[in-house]
Amino acid sequence: MSRAKDVRHPGLRLGEGHPDVAADAEEMNFGFWVFLMSDAIVFALLFATYARMVSSVAGGLGPEALFDLKSITIETAALLASSFTFGMASLALKYARSPRPLVKWLCVTLLLAAVFLGFELHDFAHMIAMGAGPSRSGFASAFFALVPLHGLHVLAGCVWAIALMAQIAIHGIDKEVKLGVQRLGLFWHFLDIVWVVIFTVVYLGGLA
Amino acid sequence: MTLHHLLLGRLDLHALPFWTMIEHPTHETIVNGTITTAAAGLEVLAAIVVIALVTRAGKWRYLWSEWLTSVDHKRIGIMYIALSFVMMSRALIEAALMRTQQAFGLGGGFLSPEHFGELFSTHGTIMIFFMAMPFLTGVINFAMPLQIGTRDVSFPVMNSVSLGLTTAGAMMIVISLALGKFSTGGWSGYPPFTEAAFNAGVGPDYWIWAVTLSSLGTMMSGINFAVTIYKRRAPGMTFMRMPLFTWTALCTAILMIFAMPPLTVATAMLALDRYLDFHFFTNGSGGNMMNYANLFWLFGHPEVYILILPAFGVYSEIFSTFSGKLLYGYTSLVLATMAIAVISFAVWLHHFFTMGQNASVNAAFGIATMLVGIPTGVKIYDWILTMFRGRVRFTVPIVYGLGFMMLFVLGGLSGILLANPTLDYQVHNTLFLVAHFHNMLIPGLLFGMLAAYHYWFPKAFGFRLDERWGMISAVSWIVGFMLAFFPLYVIGAMGFPRRTVAYFDPVYRPWMLIALAGAAVVLVALASLFVQLFVSIRRREALAVPAGDPWDGSNLEWAIAAPAPEYNFSVIPDVSDRNPFMIAKQKGDAYQTPAEFQDITMPKNSPLGMALAVAGGALAFGLVWHIWWLVALSCLGVLVAIVGQGFARDCEKVIPAAEVRRQHEAWLRTVAASRAVPRDLEGEPANTGLAARDRFSQAAE
Amino acid sequence: MSGGKKAVGAGTLVRRLAILVVAALLPAMFARRRTGTRSLAGSTGSHGRPEDEQAEYRRELGSYVRGVSLAFVLTAIPFALVHWSMLSHGWLLVAIGVLALVQVVVHFRFFLHIDPPNQHTDDLMLILFTSLILIAMAGGTTWILTDLAARMH
Ligand code: HEM
Ligand SMILES: [Cu+2]
């Protein structure tokens with residue numbers, strides 16, 4: 001049967017030090033992984049739509065005039081770093097004896113996410129101020145569906161992280177929390193991948 | 001912004017179905033207003049009667065704790081099917097109304113074009129999203145975990161959330177009859193017609209949110225089924241030992257996972273256009289409405305295979321069971337199912353051959369479309385060979401199956417015609433197409449689901465359905481379908497456009513009258529289904545099959561009592577081959593007492609599904625009517641419910657081993673007291689669910 | 001290349017590219033050395049023995065470090081290429097596209113821990129199937145809409 005000893009699901013594998021989650025981890029993570037793949041289709045279609053509509057500026061401003069590479073660089077750095085800090089949180093979950101390091105790394109991750117979201121909001125405000133809000137053109141619509149959707153995902157991830165810390169405060173690091181952190185990790189790293197495609201297709205592609 | 005707007009958004013007296021006819025009484029408004037008011041009145045009345053009955057019987061607590069908050073896959077499945085029957089009734093009445101209109105539509109008829117538009121839009125939307133999808137989701141929910149030998153699906157609470165969201169979506173359509181108007185944009189909701197510029201009212205919004213809720217629910221069901229089949233099969237049940245219905249459930253689940261996102265993207269973009277003035281599909285400002293057709297059918301075509309594959313699975317089960325033979329060509333059926341599932345992602349453009357892309361694009365998709373015929377043909381031959389030299393028992397499911405086999409091939413042939421772009425240009429958007437897809441959906445999907453309903457009903461409730469009324473219904477369905485739709489091939493080929501309220505050429509009329517007769521017969525079929533249910537409940541003692549195996553079945557679901565216990569299996573079975581229960585019966589080791597019973601852990605009830613149904617429904621309602629406080633409040637509700645769920649602990653209960661043993665031994669006593677019946681007596685009261693081994697019973701090689 | 005940026009001279013271009021390549025290779029070399037301990041800790045499992053656990057911890061930490069440094073480099077290169085307009089428009093698009101693909105693989109490998117030979121086949125099949133559907137859907141959409149757009153002019 002598939003409840004083999006060497007559980008080999010994607011993402012962090014807690015291993016034999018955590019027998020309480022072994023039975024559920026594979027099923028839970030696989031299910032979440034399937035959800036992510038379905039979410040990937042959503043993003044893929046938004047990318048295809050964006051690629052088609054990038055030239056439909058309807059006489060308004062296009063990518064070159066609107067995007068600011070500096071702010072994108074900061075956002076990217078923050079998000080990449082947050083993937084690493086989440087990795088540290090995962091390791092803390094696996095190896096640390098107390099909840100302290102886990103919570104600490106989750107907080108750092110949240111901080112980086114806040115930097116990301118702050119700069120992203122600033123970008124959006126800038127675009128709207130330049131008269132390129134979502135109702136300006138097909139291009140602007142496609143942009144404001146794709147990029148903020150990723151941002152909303154990040155925001156959802158933050159809410160989830162905060163909820164997990166609250167659970168830790170109430171229940172300690174129990175089975176549910178472990179499974180939750182594992183899945184949030186998948187989510188977080190997945191969003192990073194989406195961002196790689198966003199900065200490539202939308203920003204770099206638009207400025208190239 | 002007035003107080004009224006603040007509180008009720010754009011909801012006002014004009015939303016009531018009789019208001020226009022009071023304000024502007026003309027012949028047209030009175031006729032249409034009266035029909036809608038009567039229908040809405042009937043709906044409200046039905047709701048009141050149900051509430052009154054439940055209250056009088058004092059059953060609210062029972063309903064809440066045994067059904068609405070239950071996470072038992074069997075109960076959730078049954079609730080899905082109940083929803084499907086309710087919605088089917090409404091959609092069929094609407095179909096009959098449309099047929100009546102067109103029968104008398106020479107030079108006008110009695111319905112206004114808007115009313116007719118609402119009718120085909122609600123009919124189509126209900127039939128696909130709130131009849132067909134709940135039906136097949138219900139059947140999979142009920143049967144698949146039993147077939148693979150597990151006690152529940154992988155995510156039982158999410159299962160109940162799926163049901164909640166689907167129900168909330170259905171409620172949007174139900175409410176739209178009494179408050180405001182539904183979309184006139186058809187089940188596909190094409191912009192720019194459904195954009196705010198042309199359709200500022202609530203109709204398209206009702207459609208958008210109904211469909212979006214259902215699509216989210218379906219996506220979750222897909223994940224649930226796929227993970228269950230991947231991770232929860234009983235020990236020894238390898239993929240190639242799974243019953244064929246489970247195989248089709250797996251492929252359908254995979255299609256759900258990947259085909260629902262395009263729909264969600266399409267409806268969400270349309271909503272952004274309508275609510276926030278985006279320009280995805282508008283005429284001006286760089287919008288591109290052709291992308292909508294593209295996105296919608298990226299979902300739409302796989303969707304028709306989501307609809308048909310489970311029915312194929314059901315037919316595979318019943319042709320083998322009721323022919324007393326093993327399934328012919330198991331491996332080829334599995335491969336054909338997989339091939340269909342994969343090809344179904346590569347043909348979506350055949351729904352818009354006429355949109356203007358160049359001929360080589362059309363040719364590529366046309367050829368891909370014709371390819372689907374090959375695996376489908378393989379299946380048909382496999383089923384024929386399954387029956388070949390068997391002793392076919394003419395039970396209700398087999399009658400549906402034979403009706404399917406004959407009619408579906410015809411429908412498939414008309415599909416191959418349509419797959420040729422040059423021909424499609426001629427009959428695109430005519431009633432020929434309407435005839436084609438009803439020809440696939442009714443004999444394919446609907447007959448399959450009704451056969452499944454007959455086949456597994458005894459396992460759900462412990463008694464069989466009445467055969468006589470079942471037969472009346474099945475025959476009426478087949479005859480009614482042929483009368484209602486064969487004429488449409490003819491008038492479609494003569495050029496009659498679909499979605500047309502009236503016509504001015506009398507040649508269409510005789511055909512329309514025949515089609516009307518067909519619709520009447522279909523209504524008889526529907527009524528017989530309800531009579532049958534009623535009669536069967538009355539005769540439930542005589543029809544009881546407590547031993548659990550009324551049809552001499554071969555898979556695990558028949559190896560347990562009927563109705564199935566909450567935990568399905570006293571001990572998880574060990575599987576060593578296909579058709580495990582048939583082999584056990586042959587070897588004489590069915591109905592054993594296991595050496596040892598263990599405590600069984602089952603998930604506790606959860607109110608999350610109901611909470612999200614209410615919050616999701618309120619959210620959609622607020623969005624439709626622009627009641628922003630309700631939108632904010634229900635968003636908050638959704639958030640609190642989901643985050644709150646994360647804090648839940650202690651979600652499992654234990655059924656002690658002693659109790660399991662008690663139930664198991666009681667069942668075995670029933671089996672011991674039962675007289676085994678040969679297949680000739682299958683339909684008689686003598687059949688209490690224990691199959692005799694006679695020369696006609698299935699042989700496992 | 002609009003926006004008034006001047007294309008840089010060939011010499012500077014080569015120099016900058018060389019720096020970037022070296023920067024890209026550094027963490028990779030660093031990675032090679034680390035993998036030595038992998039098989040050891042990977043197969044035995046920790047079982048609470050502190051020295052094993054230590055080794056496994058260091059191995060996993062190393063994997064994250066390698067992942068994030070590769071990610072940063074693979075991000076920096078395309079950003080630099082675009083910022084200084086180092087290639088002609090067409091080649092620029094190709095280059096950033098390829099680098100993004102590589103980076104996606106890196107993220108899968110080091111953050112999501114998808115490593116084919118050791119992977120549970122279910123997950124791998126899932127990813128491959130998703131990629132297939134994703135390419136069909138996004139590619140098909142692009143094909144169809146581009147064709148339609150071309151025919152409208
Ligand atoms: C058996 C009785 C049924 C009858 C008499 C019937 C009748 C009709 C009629 C008259 C139309 C409108 C045709 C037009 O465009 O002029 C229609 C459309 C449609 N029907 Fe049915 N129908 C039946 C069953 C079903 C079933 C079982 C399904 C699906 C599972 C279904 C799905 C649809 C869909 C999707 C449309 C297209 C709606 C649109 O134009 O957007 N129908 N049907
Ligand atoms: Cu199709």
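This note covers the confidence of chain A and the interface between chain B and chain C in a predicted model.

1. Confidence in chain A. The average pLDDT of chain A is 92, and 96% of its residues score at least 70. The start of the chain is another matter: over residues 1-5 of chain A, pLDDT stays under 50. For that stretch the model has nine contacts beyond four places in sequence, and they should be read with that score in view.

2. Extent of the interface between chain B and chain C. On one side, 22 residues of chain B take part, in contact with 17 residues of chain C. The size of an interface is often given as the accessible area lost when the parts come together. Here the buried area is about 1,700 Å², and carbon and sulfur atoms give 76% of that. Within chain B, the residues that lose the most area to chain C are Phe258(B), Met290(B) and Phe345(B), which together make up 28% of what that side buries.

3. Polar and charged links. The rule finds zero salt bridges across the interface of chain B and chain C. Polar contact is present between the two chains, with a count of three residue pairs, both residues at pLDDT 80 or more.

4. Which parts of chain B touch chain C. Two or more residues each come from α8 (203-231), α9 (244-276), α10 (289-323) and α12 (359-371) of chain B. Of these, α10(B) gives the most, with four residues. Sorted by class, the side of chain B that touches chain C has 15 nonpolar, six polar and one charged residues.

Key: Residues numbered from 1 in each chain as written. Chains lettered and ligands numbered in written order. Predicted model: local features only at pLDDT ≥ 70, side-chain atom pairs only at ≥ 80, totals over all residues. Heavy atoms only, no water. pLDDT = per-residue confidence, 0-100. Contact = heavy atoms within 4.5 Å. Buried area = accessible area lost by both parts, 1.4 Å probe. Salt bridge = Lys/Arg side-chain N within 4 Å of Asp/Glu carboxyl O. Polar contact = N/O pair within 3.5 Å; in protein donor to acceptor, adjacent residues only side chain to side chain. Nonpolar A, V, L, I, M, F, W, Y, C, P; charged D, E, K, R; others polar.
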